[in-house]
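This report describes a sheet and the nonpolar cores around it. The sequence and the structure come first.

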Amino acid sequence: IIIKYMVLFLQVMMLLIQGSEVSFEETELDAPVVQLEYCGVNDEVLLILTSNSSVYRSDNDGFSFIHLTEVLNSLGQVQTHGTDSKLGKVQQLLANPVDKNIMLF
């Protein structure tokens, strides 16, 4: 992961040196980041876990993120037919070692 960030950082620096404009979209997270995971066949999806147990997903190398906590909570409510306060709270992101398209929460 560190190498991928270094490459991305160097690409941005080269664009800035060349005078090219760099565009990005700011996403405010609800708490500090505790875990980053790339997943998908080509590591095209970035998942972020915050210290507030929130999960954010980016399909575009971190250009923009979707907050998934409410989606996870809603799906959990439907599946369990209850109101467990731990629903939607993620403690750790685990990549499936066999299939990189599957993440375990």
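## Sheet and cores

Strand S3 (residues 55–58) pairs with S4 in the antiparallel sense, over 2 bridges. The model is predicted. Within the S3–S4 pairing, Tyr56 has His67 in S4 as its bridge partner.

These two strands belong to an open sheet of 4 strands, ordered S1-S2-S3-S4, with antiparallel pairing. Strand S1 (33–39) and strand S4 (66–67) are at the edges with a single partner strand each, so one side of each has no neighbour in the sheet.

At the other end of the order, S1 pairs with strand S2 (residues 45–50), also in the antiparallel sense, over 6 bridges. Tyr38 stands opposite Leu46 in S2. The hairpin of S1 and S2 has 5 residues between the strands, and Gly40 there takes a positive phi near 95 degrees.

The two pairings with bridge counts are set out below.

| Strand pair | Sense | Bridges |
|---|---|---|
| S1 and S2 | antiparallel | 6 bridges |
| S3 and S4 | antiparallel | 2 bridges |

The largest nonpolar core has 9 residues: Cys39, Val45, Leu47, Leu49, Val55, Leu68, Val90, Leu93 and Met103. S2 supplies the largest share of this core, 3 residues. Another core, of 5 residues, lies apart from it and includes Leu46, Ile48, Tyr56 and Phe65. In a regular strand, side chains alternate between the two faces of the sheet.

Cys39 belongs to the largest core. Leaving aside neighbours within four places in sequence, Cys39 is in contact with Glu44, Val45, Leu47, Lys100 and Met103.

Technical notes:
Residues are numbered from 1 along each chain as its sequence is written. This is a predicted model: local features need pLDDT of at least 70, side-chain atom pairs count only at pLDDT 80 or more; totals for chains, interfaces and linings use all residues. Side-chain values use heavy atoms; hydrogens and water are left out. Two strands pair if DSSP finds at least two bridges between them. A nonpolar core is a set of buried Ala, Val, Leu, Ile, Met, Phe, Trp, Tyr and Cys residues joined through side-chain atoms within 4.5 Å. Buried means under 20% relative accessible area, exposed over 50%, partly exposed in between (1.4 Å probe, protein chains only). Contact means heavy atoms within 4.5 Å.
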